[in-house]
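Me: Hi! I have a structure open and would like to talk it through. Could you take a look with me?

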Amino acid sequence: VSWNGATEVARWRVIGGPSVGALAPLATATTEGFETSIPISAPPRYIAAQAIGAREEVLGTSAAVASG
């Protein structure tokens with residue numbers, strides 16, 4: 001994931017699933033500068049990223065994309 005300058009992002013969460021309407025958390029990572037790598041073992045059919053604030057609130061969610 002890439003940081004867009006939003007200083008309130010504390011962590012990133014990867015969500016994924018078999019359809020756009022069935023996404024669930026897969027992994028999280030603490031923000032590490034401009035880009036943060038979040039490895040996942042087996043990508044599901046659809047995947048998206050969420051920006052998470054210090055109070056665990058979802059600040060934003062990317063559009064879900066097909067992973068392959």
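Me: How many Å² does the protein expose, and what percentage of it do carbon and sulfur atoms supply?
Reply: Happy to help! Keep in mind that this is a predicted model. The protein exposes about 4,300 Å², and 55% of that comes from carbon and sulfur atoms.

Me: And how much of the protein is buried?
Reply: Of the 68 residues, 32% are buried.

Me: What does the radius of gyration say about the overall build?
Reply: The value is 12 Å, which agrees with the figure near 11 Å that a compact globule of 68 residues would have. As for dimensions, the C-alpha trace spans about 30 × 20 × 15 Å along its principal axes.

Me: Okay, secondary structure. How many helices and strands are there?
Reply: There are 0 helices and 5 strands. Reading from the N terminus, the order is β-β-β-β-β.

Me: Which strands pair with strand 1?
Reply: Strand 2 does, in the antiparallel sense and over 6 bridges. Strand 3 also runs antiparallel to strand 1, and 8 bridges join those two.

Me: How many residues sit between strand 1 and strand 2 in their hairpin?
Reply: The hairpin has 6 residues between the two strands.

Me: Can you give me a residue to look at for that pairing?
Reply: Try G16. In strand 2 its bridge partner is A24, and in strand 3 its bridge partner is I47.

Me: Is strand 1 mostly covered or mostly exposed?
Reply: Mostly covered: 8 of the 9 residues in strand 1 are buried.

Me: Let's pick a residue from there. Where is R11?
Reply: R11 is part of strand 1, which covers residues 9-17. Opposite R11, in strand 2, stands T30.

Me: What else does R11 touch, leaving out residues up to four places away in sequence?
Reply: From strand 2 and beyond, the list reads T28, A29, T30, T31, Q50, A51, I52 and E56.

Me: E56 catches my eye. What joins its side chain to that of R11?
Reply: A salt bridge, at 2.4 Å from N to O. E56 lies in the loop between strand 3 (46-53) and strand 4 (58-61) while R11 is in strand 1, so the pair ties together parts that are 45 residues apart in sequence. The two side chains also count as a polar contact of 2.4 Å.

Me: Why would two such side chains pair up in general?
Reply: Side chains with opposite charge can pair when their charged atoms come close.

Me: How many salt bridges does the structure hold?
Reply: The count is 1.

Me: Why does E56 count as partly exposed?
Reply: Because its relative accessibility is 47%, and partly exposed runs from 20% to 50%.

Me: Switching to another glutamate: where does E32 lie, and why does E32 count as exposed?
Reply: E32 is in the loop between strand 2 and strand 3. Its relative accessibility is 55%, so E32 counts as exposed.

Me: What separates the C-alpha atoms of E32 and N4?
Reply: The separation is 13 Å, for two residues that are 28 residues apart along the chain.

Me: One last topic: what share of the contacts with a separation of 6 or more comes from residues 24 or more positions apart?
Reply: Those residues account for 45% of such contacts in the protein.

Notes:
Residues are numbered from 1 along each chain as its sequence is written. This is a predicted model: local features need pLDDT of at least 70, side-chain atom pairs count only at pLDDT 80 or more; totals for chains, interfaces and linings use all residues. Side-chain values use heavy atoms; hydrogens and water are left out. Helices (H or I, at least four residues) and strands (E, at least two) are DSSP runs, numbered from the N terminus. A polar contact is a pair of N or O atoms within 3.5 Å; within protein, one must be able to donate a hydrogen and the other to accept it, and residues adjacent in sequence count only if both atoms are side-chain atoms. Contact means heavy atoms within 4.5 Å. Two strands pair if DSSP finds at least two bridges between them. The radius of gyration is taken over C-alpha atoms; the globule rule is 2.2 Å times the number of residues to the power 0.38. Buried means under 20% relative accessible area, exposed over 50%, partly exposed in between (1.4 Å probe, protein chains only). Accessible areas come from the Shrake-Rupley method with a 1.4 Å probe; for residues, only the protein chains shown count as cover. A salt bridge is a side-chain nitrogen of Lys or Arg within 4 Å of a carboxyl oxygen of Asp or Glu.
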